[in-house]
Amino acid sequence: MKIGIVGAGPAGLYFALRTKRRESGHEITVVEQNPPDATFGFGVVFSDQALEKVRQADPEFYRALDSRMERWRDLTIVQKDERVPIDGNGFAAVGRLGLSRLLQGLCDEAGVTIEFNTRLSSLDQFAGCDLIVGADGVNSMVRELLPDTFGPRIGYLTNWFAWYGTRQVFDTLTLTFRSNGDGAFVAHHYRYSPDMSTFIVELDAATWRRAGLEAMSDDERQAYCEEVFAPDLGGHGLIANHSVWRRFPVVANERWTHENIVLMGDALRTVHFSIGSGTRFALEDAIALDEALAEAKDDVPAALALFEKRRRPLAGKLEGAAANSYNWYEDIGQRTDYDAYDLAYDYMTRSGRMSDARLRDTAPRFAAAYDERRAARV
Ligand SMILES: Cc1cc2nc3c(=O)[nH]c(=O)nc-3n(C[C@H](O)[C@H](O)[C@H](O)COP(=O)(O)OP(=O)(O)OC[C@H]3O[C@@H](n4cnc5c(N)ncnc54)[C@H](O)[C@@H]3O)c2cc1C
């Protein structure tokens with residue numbers, strides 16, 4: 001079987017790896033516009049639950065990934081300089097570049113062909129392929145080639161964000177809320193290597209306008225954020241890596257497949273970074289598509305139908321969870337005066353699916369501290 005994949009992100013590379021390992025006779029080519037060492041952003045975080053799925057599906061890959069990860073248990077909310085620890089189920093983070101190098105190395109060993117520095121603007125190169133995979137990310141060329149077929153829906157959130165890194169190393173996944181005369185800010189930050197952390201800065205549209213960020217250069221925006229988050233950066237600056245300020249695009253597709261073409265990962269749907277699951281979904285798509293091919297004995301139309309049947313229900317559930325989460329952040333300007341524990345409680349229950357009983361179960365230390373804080377106020 002001949003398989004052509006557009007995009008050497010986590011979705012494309014991991015699908016190539018699994019499928020080539022399962023069926024070494026398949027001829028698999030991944031075409032990537034960037035050189036091997038290029039990546040945007042810094043580290044990505046996974047919940048332990050998400051990693052458990054990868055472990056079950058692929059213990060060998062999990063072990064290789066695990067050795068590159070930073071781990072911690074809790075989540076911390078910082079509001080008005082008060083730190084609220086929230087006991088969690090555990091998290092782990094890895095650098096995007098580290099993940100990419102790992103997957104590239106494993107693909108090489110398995111015999112997958114990766115053509116770097118080649119930007120596709122049509123699918124002509126894959127004309128003789130049995131299967132074509134659009135794993136080309138949020139601005140997918142494959143999806144844009146066939147808009148009437150895939151029926152993409154793309155909406156933009158109103159908050160602005162940029163993905164920075166910093167040499168300041170944090171103990172846990174932390175959400176730091178700060179405000180000034182211009183408005184409200186939140187940073188999502190965590191370490192992903194012994195000496196580097198991700199630092200995503202997000203702010204609402206009113207703050208963007210009042211602070212005059214629209215008219216600033218990228219360097220000025222970075223300096224402005226360094227000032228807002230100076231108490232958290234411990235004397236370190238922010239580091240940029242294609243850290244473009246933008247509004248998050250929420251992507252979904254009416255149809256996922258067309259003849260022998262399938263979309264996966266961010267090309268198929270984006271997952272807001274506040275629920276930290278885009279890479280997880282990219283990896284799970286890869287597992288699901290490979291399993292569908294194996295079950296359908298490489299009958300492509302049957303495999304693509306099976307892939308969609310299995311993944312669609314999850315996508316629906318996820319869209320709801322992600323929307324509850326990003327809508328909560330869109331309103332950050334309304335919570336600048338909240339007590340730190342009230343804000344943390346509001347955050348924990350933002351999905352609408354976290355009852356008090358469930359909270360006591362999931363985060364017993366936090367639930368007890370929150371009750372104590374409320375009792376002290378009465
Ligand atoms: C601020 C931010 C924070 C995030 N944090 C997390 C997190 O903590 N945890 C998490 O799980 N996820 C996170 N994500 C999401 C995650 O980055 C994506 O979901 C994930 O990278 C999707 O993988 P992918 O392979 O589908 O796409 P990508 O990683 O975007 O890869 C697509 C590849 O296709 C290539 N390409 C595109 N067009 C072409 C073309 N025409 N020809 C050739 N090549 C092409 C691109 O260069 C790229 O290498 C975050 C995203 C953002 C924006």
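Which polar side-chain atom lies 3.4 Å from a nitrogen atom of the ligand? I looked this up before anything else, and the atom belongs to R119. The model is predicted, and my entries should be read with that in mind.

**Ligand**

I then listed the surroundings of the ligand. I found 34 residues around the ligand, and the closest are E32, V45, R96, D266 and T279. For E32 I also noted a distance: an N or O atom of the E32 side chain is 2.6 Å from an oxygen atom of the ligand. R280 takes part through its backbone, with a polar backbone atom 3.4 Å from an oxygen atom of the ligand. R119, as noted above, uses its side chain and faces a nitrogen atom of the ligand.

**G137**

D266 came up again when I turned to G137. I located G137 in the loop that runs between β9 (131-134) and α5 (141-145). Setting aside neighbours within four places in sequence, I found G137 in contact with R143, D266 and A267. D266 is also one of the closest residues to the ligand. I checked a distance to R269 as well: R269 is 132 residues from G137 along the chain, and their C-alpha atoms are 9.0 Å apart. Is G137 buried, partly exposed or exposed? G137 has a relative accessible area of 22%, so I entered it as partly exposed, since buried requires under 20%.

**Cavity**

Next I looked for enclosed space. I counted one cavity of 30 Å³ or more. The volume of the largest cavity is about 40 Å³. Its lining consists of L157, N159, F161, E202, R247, F248, H272, F273 and E330. Sorted by class, that lining holds four nonpolar, two polar and three charged residues.

**Second largest pocket**

I moved on to the second largest pocket, which contains about 220 Å³ of space. I read off 15 lining residues, with F177, R178, S179, N180 and F185 nearest the centre of the pocket. Which elements each supply at least two residues of this lining? I found β12 (173-180), β13 (183-193) and α8 (218-228). Of these, β12 gives the most, with four residues. By class, the lining of the second largest pocket divides into seven nonpolar, four polar and four charged residues.

**V78**

F177 and R178 led me to V78, a residue of strand β5 (residues 75-79). Apart from neighbours within four places in sequence, V78 is in contact with R83, T174, L175, T176, F177 and R178. Two of these contacts, F177 and R178, are among the residues nearest the centre of the second largest pocket. V78 has 3% relative accessibility, so I entered it as buried. I also looked up M348, which is 270 residues from V78 along the chain; the two C-alpha atoms are separated by 14 Å.

**R221**

I chose R221 as a residue of helix α8, an element that supplies at least two residues to the lining of the second largest pocket. Is R221 buried or exposed? R221 is buried, because its relative accessible area is 11% and the cut-off is under 20%. Beyond residues up to four places away in sequence, I found that R221 touches Y164, W208, L213, E214, M216 and W245.

**R153**

I placed R153 in strand β10 (residues 152-156). With residues up to four places away left out, R153 touches V250, V251, A252 and E254. N253 is 100 residues from R153 along the chain, and I read 5.9 Å between their C-alpha atoms. The relative accessible area of R153 is 44%, so I entered R153 as partly exposed.

**Positive phi**

My last check was on backbone angles. H242 is not a glycine, yet its phi is positive, at about 50°. I found H242 in the loop between β15 (238-239) and β16 (249-253). At 61% relative accessibility, H242 is exposed.

E259 also has a positive phi of about 50° without being a glycine. The loop that holds E259 lies between β17 (257-258) and β18 (261-263). I entered E259 as exposed because its relative accessible area is 65%, and exposed means over 50%.

Terms used. Residues numbered from 1 in each chain as written. Predicted model: local features only at pLDDT ≥ 70, side-chain atom pairs only at ≥ 80, totals over all residues. Heavy atoms only, no water. Buried < 20%, exposed > 50% of the residue type's maximum accessible area, 1.4 Å probe, protein only. Contact = heavy atoms within 4.5 Å. 1 Å grid on protein atoms, 1.4 Å probe; cavity = no way out; pocket = protein on both sides within 12 Å on 5 of 7 lines; lining within 4 Å. Points joined across faces, edges and corners; volume = space filled by probe spheres on them. Nonpolar A, V, L, I, M, F, W, Y, C, P; charged D, E, K, R; others polar. Near = heavy atom within 4 Å. Polar contact = N/O pair within 3.5 Å; in protein donor to acceptor, adjacent residues only side chain to side chain.
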